[in-house]
Amino acid sequence: MTEKTFKPLPLGNEDFVSLRNKGHYYVDKTPYLKKVFTDPSSVLLFTRPRRFGKTLLMDMFATYLTIGKDGSDNREYKEKLFDGLEILKDKEFTNKYMGQFPVIFISLKKVYGETFKEAYGKLIELVAELCGNFSILKESSKLSIEDKKVLSILRDQVNLLNPDYKFILTGALNTLSNFLYKHYGKKVILLIDEYDVPLAKASEKGYHDEMVTLISQFFDVMKITPNNKNTEYPIEKIVLTGCLKVAKNSIFTGVNNITVNTVLSENSSFDSIIGFTKEETIQFLKDYELEEYTTLVKENYDGYRFNEKEMFCPWDVVNFIAESLDKISSGKTILPGNYWINSTSSNALLSYVGYLTDKATDKMQSLMDGLSIETYINDSMNYDTLSKHEEIDFFSLLLHTGYLTSDGYRVVNEETGRPKAVYSLRIPNLEIRECFEANILQHFKESSTQGENKAMLIANALFEGDCETASDKIYDLLLNYVSVRDFATKAKPENYYHGFLSGVFTNCSDSISDYQSNSESGDGYADITFLDRRKKKAVILELKTAQSSKNLKETALQAIKQIEDKRYAEEFFDDVISDIYCYGISFYQKNCYIEVKKIK
């Protein structure tokens, strides 16, 4: 390596102005300014895994587009910031867009807390700081006295804590957009980074439904088409980034003219908007005289495919270069580090482990063997579905969060004849494989082994009327698999426990037979029924959630009564079956209580 002085590395720097002023290395993504802001869609959402450079991209957008406080385009200053970058070569676009728009740029990545109240407070902080940044509006002659009163409330965290002003808080983006439009006489561009972090955190902490309501109201600003020329709607375009494409039937209900670009989208115009391409990565290594390590970098940090484009994670590449330069200066051997494992949470992924079927276990093993698996993908996941532990959501989440990548898909026809895509997924590189080994696979192995033993003990206890043993073992599993966040779902709480026990009994194929879930029986549908292997003993389970730990027993007895009233056991009265056990199982958070009645 020569004595060449290298540019400072953009390690963790998401501030475009700081990066450029300090001469940091920058991978040029400015050509996407034209692609994004001349796109006909009113609302654009880009979803990519964490650590792929979404925030820096949005900050670059804001820097280029933002009008000066005095209404000027700050052309000289901005041309210095963007000197040498591709976008300045497009004079026509630059003249029309550079410094021409009021821009609202917010990131929701800090809007979370242990409770909804804490998260609500973080949103208040964000809004107050945002509105405080537009101090020019306080003296604007274009705003009315009433406008300025509302602005004063939005700038004051104490005021926003007043429940009477909640509608002012949730309407902040629309209000501020209107004020900027009035002041400058130009439509606003709204940039929202990490839009789904509040929903992800709320799902983990158990207040998802409250957060969905809050964020839906906060995003009401998107529900009028910006490009409707027949209205005085103050917004020109809205761009969002996040990790998951949250289904439109939640926070995006009523949003018109929205385009969503995910890792699976087939619009090649945006394939490489976020992340480093192969060419960009190789050039980066060459610029720091590390091109001899291209193969090493490719094996450890390559492998992602966004539609047709081969992509690298910028966080990995920059960290590898920084660490390598340090090792070279110290005379040490360059080895690939794992920079992903400590920067990306796997908690949401681990909550699935122990519930997946044998088929899913086989798929996990195939992935670890370096093979691809095929699965349907839920491309519009909601965070409140995670607690249901469905296999399709597990592998979809692995894909959306960067633990897996797609090699494409094939089209199949379901029984209905409707074409559907089955995606081929694989682990992208050695770094992520190591993450599987350290986090997911090890936890999966431990939980499955533990679950299988206790599941068999539970089944055997139920065949003997042993409520105490069954209750103890179910409680043990609940301690490992259930957390408060699992109750943040729109479905009935019983549904979660139903899924939980179904997952337990999938590990009992050697002990039980004729397993049925929600099967028609008597005058209704029994929650769970099964027989022993010799088909001489029958078990009927009715599951209910209690309002508190104090009425667990009462709730379990109600479940027993339902079994009797609905005659769920009727189909099991024959000469072969000698014993019929009816169980009422009540749950409250991590506690359960079991009552039994042997009716034969």
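This briefing covers the overall make-up, sheets, cores and selected local features of the structure above. The model is predicted. The protein has 600 residues, of which 54% count as buried, and its secondary structure comprises 22 helices and 16 strands. Among contacts with a separation of 6 or more, 72% are between residues 24 or more positions apart. The exposed area is about 26,700 Å², with carbon and sulfur atoms supplying 47% of it.

**Five-strand sheet**

- Strands E12, E13, E14, E15 and E16 form an open sheet in the order E12-E13-E14-E15-E16, and the pairing is mixed.
- Strand E12 (512–521) and strand E16 (591–598) are at the edges; each has a single partner strand, so one side of each is left without a neighbour in the sheet.
- Direction ignored, neighbouring strands of this sheet are turned against each other by 25° on average.
- Strand E13 (residues 524–532) runs antiparallel to E14, with 4 bridges joining the two.
- In that pairing, threonine 529 is opposite isoleucine 540 of E14.
- The hairpin of E13 and E14 has 4 residues between the strands, and lysine 535 in this hairpin takes a positive phi near 60°.
- E14 and E15 run parallel and are joined by 9 bridges.
- Leucine 543 is placed opposite isoleucine 585 in E15.
- On the E16 side, strand E15 (residues 579–588) is held by 8 bridges in an antiparallel arrangement.
- Isoleucine 585 also has a bridge partner in E16, namely isoleucine 594.

**Cover on strand E14**

- Strand E14 (537–545) is one of the strands that helix H22 (residues 552–565) lies across, along with E15 and E16.
- The helix H22 runs at about 140° to E15.
- E14 is mostly covered, with 9 of its 9 residues buried.
- In a regular strand, side chains alternate between the two faces of the sheet.
- For E14, both faces are covered.
- One side of E14 carries Lys537, Val539, Leu541, Leu543 and Thr545, and the other carries Ala538, Ile540, Glu542 and Lys544; all are buried.
- The buried residues of E14 thus include charged side-chain types such as Lys537, Glu542 and Lys544.

**Three-strand sheet**

- An open sheet of 3 strands has the order E9-E11-E10 and antiparallel pairing.
- Its edge strands are E9 (373–375) and E10 (405–413), each of which pairs on one side only.
- The average turn between neighbouring strands of this sheet is 30°, direction ignored.
- E9 is joined to strand E11 (residues 419–426) by 3 bridges, and these two strands run antiparallel.
- Threonine 375 is found opposite tyrosine 423 of E11.

**Aspartate 379**

- Aspartate 379 is in the loop between E9 and helix H18 (391–400).
- With 25% relative accessibility, aspartate 379 counts as partly exposed, because the buried class is limited to values under 20% and the exposed class to values over 50%.
- Leaving aside neighbours within four places in sequence, aspartate 379 contacts Lys245, Thr262, Leu264 and His400.
- Leucine 244 is 135 residues from aspartate 379 along the chain, yet their C-alpha atoms are separated by 8.1 Å.

**Nonpolar cores**

- The largest nonpolar core has 62 residues, and Ile104, Phe219 and Leu240 touch the most other members.
- Helix H6 (residues 116–132) gives the most to this core, contributing 10 residues.
- Phenylalanine 219 touches Leu108, Ile192, Tyr195, Leu240 and Ile251, when residues up to four places away in sequence are not counted.
- A second, separate core has 59 residues, among them Phe37, Phe82, Met98 and Tyr403.

**Helix H3**

- Helix H3 (residues 54–65) has 12 residues and should span 16 Å at 1.5 Å a residue; its end C-alpha atoms are 17 Å apart, which agrees.
- The expected span takes 1.5 Å times one less than the number of residues.
- H3 is mostly covered, as 12 of its 12 residues are buried.
- The buried residues of H3 include Leu56, Leu57, Met58, Met60, Phe61 and Leu65, together with Lys54, Asp59 and Thr63.

Terms used. Residues numbered from 1 in each chain as written. Predicted model: local features only at pLDDT ≥ 70, side-chain atom pairs only at ≥ 80, totals over all residues. Heavy atoms only, no water. Buried < 20%, exposed > 50% of the residue type's maximum accessible area, 1.4 Å probe, protein only. Contact = heavy atoms within 4.5 Å. Areas by Shrake-Rupley, 256 points an atom, 1.4 Å probe, with all protein chains shown as cover. Pairing = 2+ DSSP bridges. Axes fitted to C-alpha atoms, helices over the stretch in contact; angles between N-to-C directions. Core = buried A, V, L, I, M, F, W, Y, C linked by side-chain atoms within 4.5 Å.
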